[in-house]
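This report describes selected features of a predicted model. Please read it with the sequence and the structure at hand.

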Amino acid sequence: MKSTVSEQEFPWETDIDVVMVGCRCDEETKRFMEKIVSSLIRKGVRRLHVVVPEGCFESCGVKLAGLLAQEFLNLSVIVDEGKLQRGREKRIVISLEEQRPQVLEGGELLDE
Amino acid sequence: MSSSPDIIITVDRSMMTNHHGKEFIGFMTTAPPVGLPDRIWTWIAEPPIKTDEKGRPTEAPYGLRKIEAALQNAGFNAEIIDPDHIMRYVETAKAVFIGHHDYFGFCPPSSEWWLVTGEEPINRRTFLAFMKQVARAKKELNPELKIVVGGPSSWQWLYVPEYLREFMVDTVVEGEGEKAAVYLAEKIMRGETLPKYIVVGPGDSPRLDEIPVIKAASVNGLVEVMRGCPRRCKFCSVTLRPLRFIPLEMIEKELQVNVRAGINGGIIHSEDVLLYGAKGVIPNPDALIKLHMLVKKYYKTFTWSHAALSTVLVAEEQFKLITRLKEIIGEQDYFGFQTGIETGSPRLAKEIMPAKAAPYPAEKWPEIVEEAFKLLHDKRIIPAATLIVGLPGETPDDVVKTIELIERLKPYRSLIVPMFFVPMGALRKSDWFKAVNVTREHAELMLVVFRHSVYWAKDIVNSFYLKKARHAPLRFLLNRFLGRAESFAEKLTPDDILMYIERSKEKMMRRIKQGELRQPFYKRATELVESILHIKRAS
């Protein structure tokens, strides 16, 4: 008997969505995402769902995926491209369109 | 099962081969042809495997067999198809699943050969030619076809993302793939959009009851006995995975699958076979004896895939276990395994692999290596060992200590291969090789290792590995190659090695500047596709 729903269904049922809006493939984004993922891991997140903008996987998606996989070795990750298919209670939306990346939604899920 | 699979599981020829039943010959796929014509090298390294009328190989890589079993158990019409036969099915298939252990030649020893010769290794060339064929089939015959890539080297795709687009890859899967494969297959059948990338973290690795039994034979009878490793070396990702011992009943079922396919010899696979059933790093004699007796019941001959030298030593010192296991294994032409020396420096050993020497202290690592090699030589067991060169924090003194250790290992029958540490970030650039800084001490080490390995390789080929009359053609070709290598090694100096590497780097840079680095294999790829289509048309 499997113990929990998430255990039964993973990797398909992740803990949290991180949705990136816009495109900005630079080192500042990378550092920003690293801070966010570190914060989520400190809060106990082990299964991340990351949504990158359409057509961005090869640039920021790869950068992010590589970063996640290599820096946070105990993490399970799913990276999707395009729009988030359905709303989720726990999600963080990050804008990469402005002059500097910023959290638009879900900041309360992160450390101070 | 219908005649045409919905999901084709496959890989290029460098993996879909049994290397003439000699697993170690598989290492030749990691190099470009050296001293022999391309065709002969390729014939030795990656001969085609027998297939049935559907194009299903009689033996296939073990990892692909696990994915096949997981998908079939979940009710999918999925089968492993030989790469020469996939064109028969791509038009109607829904997906192609591909698994590989070194997609682009970035893993050692492929990257070493590439660095030293300036030529792309055979496995990379074969894979790229194969992907060209798959992508062309998707584009021209079945645009809805999903392409999923996974396996131990799937991380490499993130370093060459342009190939994701070029080969129209839909999803990259990292980590243990059994559950992810089923998840993706369900999405494909429902016509849903696939994720671009999945990492199955160590915490989500399949439990024992989620690991399926293979349904058809594995290459060279390989059977997994354990997943994970408790030693926590800093350079190894396997060590992060939970430790799972495959139960004997499951191992027996897989042995039976292979025997039914006519395979009567094989490899038992684990990161450290001698830790099967162990608590910590002290071997469990009862579990190991039962395991070996079980394997011997089905296989006439077999070897271990990997074992740690410290485990070898403690197994014999505390339990006379190497002696006892050799008695069970009995007389056979060859018995060997892969192992890691990595360094001869106690300081570096303590830094990067503090538990590799356990239960002995890390400071004693060079003595452990020497004692284990002596023991193995006496027992006629042949280790194929790796060294890691150029690690961050390595000093010239560390390399000198490794040279001294290799010189002390000279009397012991073995093969030793140096592997250059390539920083991951460097792989994103086409001039990744510039990040590999080969010092004079490294060149001296390479020379000592080269002479050691060529000397013992001749003995191993002629007196052990290929000593039977039926191996005469292979033996002849390999002796010819080794004879040339030996003459070359005698005259070689460290300065020559440094010069070769510099020339090789210059050659690769020239080719990058001229836009040629990728061209030769595309030319070969096109030729291969044309020849396959020609054969298909003719038949």
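What share of the contacts in chain A with a separation of 6 or more comes from residues 24 or more positions apart?

## Chain A

In this predicted model, residues 24 or more positions apart account for 80% of the contacts in chain A that have a separation of 6 or more. The chain contains 3 helices and 5 strands, and along the sequence these elements follow the pattern α-β-α-β-α-β-β-β. Chain A has 112 residues, of which 49% count as buried.

One residue of chain A may be singled out, namely A:Gly107, which lies in the segment after strand S5 (102–105). With a relative accessibility of 35%, A:Gly107 counts as partly exposed, and its C-alpha atom is 9.1 Å from that of A:Arg91, a residue 16 positions away in sequence.

## Aromatic pairs and a cluster in chain B

Over all chains the count comes to 22 aromatic pairs. In one of them, the ring centres of B:Phe104 and B:Phe106 are 6.1 Å apart and the planes meet at 35 degrees, so the pair is classed as tilted, lying between the limits of 30 degrees for stacked and 60 degrees for edge-to-face. Both partners are buried, B:Phe104 with a relative accessible area of 0% and B:Phe106 with one of 7%. A further pair, formed by B:Trp155 and B:Tyr159, is edge-to-face, with 5.6 Å from centre to centre and 80 degrees between the planes; B:Trp155 and B:Tyr159 are likewise buried.

B:Phe104 and B:Phe106 also belong to one aromatic cluster, whose other members are B:Tyr103, B:Trp114, B:Phe127, B:Phe130, B:Trp157, B:Tyr163 and B:Phe167.

## Helices H2 and H4 of chain B

Helix H2 of chain B (residues 62–73) has 12 residues and reaches 16 Å from its first C-alpha to its last, close to the 16 Å expected at 1.5 Å a residue. Because 9 of its 12 residues are buried, H2(B) is largely enclosed by the rest of the structure. The buried residues include the charged side chains of B:Arg65, B:Lys66 and B:Glu68, together with B:Tyr62, B:Leu64, B:Ile67, B:Ala69, B:Ala70 and B:Leu71. Just after H2(B), B:Gly75 takes a positive phi of about 95 degrees.

Helix H4 of chain B (residues 122–141) has 20 residues and a reach of 28 Å from its first C-alpha to its last, again close to the expected value, here 28 Å at 1.5 Å a residue. H4(B) is mostly covered, with 15 of its 20 residues buried.

## The crossing of H3 and H16 in chain B

The axes of helix H3 (residues 110–117) and helix H16 (residues 494–513) of chain B come within 6 Å and cross at roughly 90 degrees; H3(B) and H16(B) are therefore roughly perpendicular to each other. On the side of H3(B) the contact is made by B:Trp114, B:Leu115, B:Val116 and B:Thr117, and on the side of H16(B) by B:Tyr500, B:Ile501, B:Ser504, B:Lys505, B:Lys507 and B:Met508. These contact residues divide into 6 nonpolar, 2 polar and 2 charged. B:Trp114, which takes part in this contact, is also a member of the aromatic cluster described above.

The loop between strand S3 (95–99) and H3 of chain B holds B:Pro108, which is partly exposed, with a relative accessible area of 36%. The C-alpha atoms of B:Pro108 and B:Thr386 are separated by 9.5 Å, although the two residues are 278 residues apart along the chain.

## Backbone features in loops of chain B

A cis peptide bond, with an omega of about 15 degrees, joins B:Ala358 and B:Pro359. B:Pro359 is placed in the loop between helix H11 (346–352) and helix H12 (365–378) of chain B.

Which surroundings, buried or exposed, does B:Asn220 have? B:Asn220 is buried, with a relative accessible area of 9%; it lies in the loop between strand S6 (197–199) and strand S7 (223–224) of chain B and has a positive phi of about 55 degrees although it is not a glycine. B:Arg380, also not a glycine, has a positive phi of about 55 degrees as well. B:Arg380 is found in the loop between H12 and strand S13 (382–389) of chain B, where it is partly exposed, with a relative accessible area of 46%.

Technical notes. Residues numbered from 1 in each chain as written. Chains lettered and ligands numbered in written order. Predicted model: local features only at pLDDT ≥ 70, side-chain atom pairs only at ≥ 80, totals over all residues. Heavy atoms only, no water. Phe/Tyr/Trp six-rings, centres within 6.5 Å; stacked < 30°, edge-to-face > 60°. Buried < 20%, exposed > 50% of the residue type's maximum accessible area, 1.4 Å probe, protein only. Helix = DSSP H or I, 4+ residues; strand = E, 2+ residues; numbered from the N terminus. Expected span 1.5 Å × (residues − 1). Axes fitted to C-alpha atoms, helices over the stretch in contact; angles between N-to-C directions. Parallel < 35°, antiparallel > 145°, perpendicular 65-115°, else oblique. Contact = heavy atoms within 4.5 Å.
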